[in-house]
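Me: I've just opened a structure that's new to me. Could you walk me through it?

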Amino acid sequence: MAGAAARLHKLFEGHRLTPTQRRIAHCMVRRADDAPFLSSVELAELAGVSQPSVTRFAVALGFDGYPALRRHLREAPGDGGAEADADATANAYQQAALAEIENLRLLAAQLADPAPVAEAARVLAASRPLPVLGLRAASAQARGFAYFAAKVHPDVRLLDEGGTMLADRIDAAARAGAGALLCFALPRHPREVLDALAQARALGLRVVMVADSAFAPVARPEDLLLPAAVGTGLVFDTACAPMLLGRVLLEAMCDELPQAQARLEEFDARAAERGLFLP
């Protein structure tokens, strides 16, 4: 059973699945031994989704339809060895955590060359104001970055809501003197992000992007792109690596802002006076 689950995890790995499709994937992992023999109707009932959703799931994995997926599972070779079998003994939650650990290892290897982060930090630190864009799934990353960046940067403008006002706010930032825009771009990528970035580039802003992949669909060759993979093992993406990369970028920005330490000390003094935090 463990080997069958491992093969399914490997099959799903790297595919951009919707939340509904991930429900199906998780159901198949839980029923790994039975999965090659389930009809699309049976799988749909077990996963609590519609039968067409199962068909779309198979197509998303690169198969012509569910029968082709089931045939692939039936013809799959046996266990890939003791190591793979041991890894597969973890339950679905542990698998997700282990995948995030691997994403962090990849990020650590990437940061062996600090030059891209240092360049991005210089660009962002010099921008007055500094707009920080993140919509939908990426809004939490943008908000967290903006919260801390505002403690060391004199003018941070959070752009975490779409709609007609977004274009106005990007235009206002450019007119106020912004030279760059930081974008957190995570799946699923909203069309509004594509439009907002096109506007920012047209206004002459340098785009610095923290994205889930070096091939993010919203990125352009002229952007300063910093990739950090997201976890796809649960129904909803996990973004530990992008969050950490954002904090690394903040650290590098502090080195580029001469008043950063003074601003932090001033904030701490005011917070103590106001009793802002628990002792």
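**Salt bridges and burial**

Reply: Let's start in helix α7 (residues 92-110): Arg-105 and Glu-102 are three residues apart there, so about one helical turn separates them. One thing to keep in mind is that this is a predicted model.

Me: OK, and how far apart are the closest N and O atoms of Arg-105 and Glu-102?

Reply: They are 3.6 Å apart, and the two residues form a salt bridge. An α-helix has 3.6 residues a turn, so residues three or four places apart point the same way.

Me: Is Arg-105 buried or exposed?

Reply: Arg-105 counts as exposed, because its relative accessibility is 54% and the cut-off for exposed is over 50%. Glu-102 is partly exposed, at 38%. Elsewhere, Arg-201, Glu-222 and Asp-223 are joined into one network by salt bridges that share partners.

Me: How many salt bridges does the structure hold?

Reply: Ten. One of them brings together the side chains of Asp-237 and Arg-22, at 2.6 Å from N to O. That pair links distant parts of the chain, with the two positions 215 residues apart.

Me: Where do Asp-237 and Arg-22 sit?

Reply: Asp-237 is in the loop between β5 (224-227) and α12 (240-256), while Arg-22 belongs to helix α2 (residues 19-30).

Me: And how covered up are they? Which relative accessible area does Arg-22 have?

Reply: Arg-22 has 4%, so it is buried, the cut-off being under 20%. Asp-237 counts as partly exposed, with 27% relative accessibility.

Me: What does Arg-16 touch, leaving out residues up to four places away in sequence?

Reply: Its contacts include both Arg-22 and Asp-237. The others are Gln-21, Pro-187, Asp-212, Val-230 and Thr-232. Arg-16 itself lies in the loop between α1 (2-12) and α2, and at 38% relative accessibility it counts as partly exposed.

Me: How far apart are Arg-16 and Asp-237, in sequence and in space?

Reply: They are 221 residues apart in sequence, but 9.9 Å apart in space, going from C-alpha to C-alpha.

Me: Got another salt bridge for me?

Reply: Sure, Asp-34 and Arg-31 meet through their side chains, at 3.2 Å from N to O. Asp-34 is partly exposed at 35%, and Arg-31 is partly exposed too, at 32%.

Me: Switching topic to helix α4 (residues 51-60). Which residues are buried there?

Reply: Ser-53, Val-54, Phe-57 and Ala-58. Looking down the axis of α4, you'd see its buried residues fall within an arc of 140°, so they line one face of the helix.

Me: What follows α4?

Reply: Gly-62 does, and its phi is positive, near 100°.

Me: Let's zoom out. How many helices and strands are in the protein chain?

Reply: The protein chain has 13 helices and five strands. Its C-alpha atoms fill a box of roughly 65 × 40 × 35 Å along the principal axes.

Me: What share of the residues is buried?

Reply: Of the 279 residues in the protein chain, 42% are buried. The chain's accessible surface comes to about 14700 Å², and carbon and sulfur atoms account for 55% of that.

Me: What about contacts between residues at least 6 apart in sequence?

Reply: Among those, 70% join residues at least 24 apart.

Me: Last one: how far apart are the mean positions of the positive and negative charges?

Reply: They are 5 Å apart, for 29 positive and 33 negative charges.

Technical notes: Residues numbered from 1 in each chain as written. Predicted model: local features only at pLDDT ≥ 70, side-chain atom pairs only at ≥ 80, totals over all residues. Heavy atoms only, no water. Buried < 20%, exposed > 50% of the residue type's maximum accessible area, 1.4 Å probe, protein only. Helix = DSSP H or I, 4+ residues; strand = E, 2+ residues; numbered from the N terminus. Arc of directions from axis to C-beta. Salt bridge = Lys/Arg side-chain N within 4 Å of Asp/Glu carboxyl O. Contact = heavy atoms within 4.5 Å. Areas by Shrake-Rupley, 256 points an atom, 1.4 Å probe, with all protein chains shown as cover. Lys, Arg positive; Asp, Glu negative; His and termini not counted. Charge placed at Lys NZ, Arg CZ, Asp CG, Glu CD.
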